[in-house]
Amino acid sequence: MRMIVSIAALTSLIAVAGLGVTSAPASVPVDIHVVTNDGAQLANLRQYAPAAAKVRTYAGDDCIDPTPPAKQSSGQTYTQSAPNMLSAVDEASDATPALQPFRISDADYATFGALTICSIGAGTPPGFWFLKTNHVANTTGADQTFIKPGDQLTFYRTPSDFIADEELS
């Protein structure tokens, strides 16, 4: 009788294992480099970006174009369903005081379909952030730049709103 119960239990375990238990997707290790408009380094670190994340915008006047009447950022939370540049720096800002405050705007989301990084770190004025992945300028916003393990991500606050400087050393 004991042998039959043990065989039945073992058969059940094998059946459950055969269903394929799925585990949570792994985080993505990337290197993040954040530089201010005067060349000061705010962060140079390894970050493990979550496979999926939620990022929250701030509520208030738009950081890019505050010309009256200013567009408004909603304070809404957006789900990032795959690892991207935005979720990586958002995660890094939670653990790195030098990257606080980290502010994201959705004031232009309806027009461009992308979230905007307004500020990273207290000493950096709000404005345009030049983004690079593996030393190549991004052609998409941070929330639309999907990342893979080992990527090198650069966030550089440009000295003026439309100038991209030479490669940072």
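The questions and answers below concern a predicted model.

Reader: How many disulfides does the model contain, and which residues form a disulfide?
Author: The criterion is a pair of cysteine sulfur atoms within 2.5 Å. The sulfur atoms of Cys63 and Cys118 are 1.9 Å apart. The count comes to one disulfide, formed by Cys63 and Cys118.

Reader: Is the disulfide of Cys63 and Cys118 left-handed or right-handed?
Author: The sign of the torsion about the S-S bond decides this. For Cys63 and Cys118 that torsion is about -70 degrees, so the disulfide is left-handed.

Reader: How many residues apart in sequence are the parts that this pair ties together?
Author: Cys63 belongs to the loop between β4 (59–61) and β5 (72–74). Cys118 is in strand β8 (residues 116–120). The pair therefore ties together parts whose separation in sequence is 55 residues.

Reader: Is Cys63 buried or exposed, and what of Cys118?
Author: Buried means under 20% relative accessible area. Cys63 has 13%, and Cys118 has 1%. Cys63 is therefore buried, and Cys118 also counts as buried.

Reader: Which side chain makes a polar contact with that of Gln80?
Author: Gln80 is in strand β6 (residues 77–80) and is buried, at 6% relative accessible area. Leaving out residues up to four places away in sequence, Gln80 touches several others, including Leu86, Leu115 and Asp143. Its side chain is joined by a polar contact of 2.7 Å to that of Asn84.

Reader: Which residue caps the N-terminal end of α2?
Author: The cap involves a side-chain oxygen and the backbone nitrogen of Leu86. These atoms lie 3.0 Å apart, and the oxygen belongs to Asn84.

Reader: How many of the 11 residues of α2 are buried?
Author: The buried residues include Met85, Leu86, Val89 and Asp90. Ala92 and Ser93 are also among them. The helix α2 is mostly covered, and its buried residues number eight.

Reader: In what order do the five strands of the open sheet stand, and which strands are at the edges?
Author: The pairing in the sheet is mixed, and the order is β2-β1-β11-β9-β10. An edge strand here has a single partner strand, so one side is left without a neighbour in the sheet. The strands at the edges are β2 (41–49) and β10.

Reader: What angle does the direction of α2 make with that of β2?
Author: The helix α2 packs on the sheet. Its contacts are with β1 (28–35), β2, β9 and β11. With the direction of β2, that of α2 makes about 110 degrees.

Reader: Do β9 and β11 run parallel or antiparallel, and which residue of β11 stands opposite Thr133?
Author: Strand β9 is joined by five bridges to strand β11 (residues 152–157), and the two run antiparallel. The residue opposite Thr133 is Leu153.

Reader: Which residues in the loop between β9 and β10 have a positive phi?
Author: Most residues other than glycine have a negative phi. Asn134, in the loop between β9 (129–133) and β10 (136–137), has a phi of about 55 degrees and is partly exposed at 30% relative accessible area. His135 lies in the loop between β9 and β10 and is partly exposed at 47%, with a phi near 70 degrees. The residues are Asn134 and His135.

Reader: Which residues does a cis peptide bond join?
Author: Most peptide bonds are trans. Pro101 sits in the loop between α2 (85–95) and β7 (102–105). With omega about -5 degrees, the cis bond joins Gln100 and Pro101.

Conventions: Residues are numbered from 1 along each chain as its sequence is written. This is a predicted model: local features need pLDDT of at least 70, side-chain atom pairs count only at pLDDT 80 or more; totals for chains, interfaces and linings use all residues. Side-chain values use heavy atoms; hydrogens and water are left out. Helices (H or I, at least four residues) and strands (E, at least two) are DSSP runs, numbered from the N terminus. Buried means under 20% relative accessible area, exposed over 50%, partly exposed in between (1.4 Å probe, protein chains only). A polar contact is a pair of N or O atoms within 3.5 Å; within protein, one must be able to donate a hydrogen and the other to accept it, and residues adjacent in sequence count only if both atoms are side-chain atoms. Contact means heavy atoms within 4.5 Å. Two strands pair if DSSP finds at least two bridges between them. Axes are lines fitted to C-alpha atoms, for helices over the stretch in contact, and angles run from 0 to 180 degrees between N-to-C directions.
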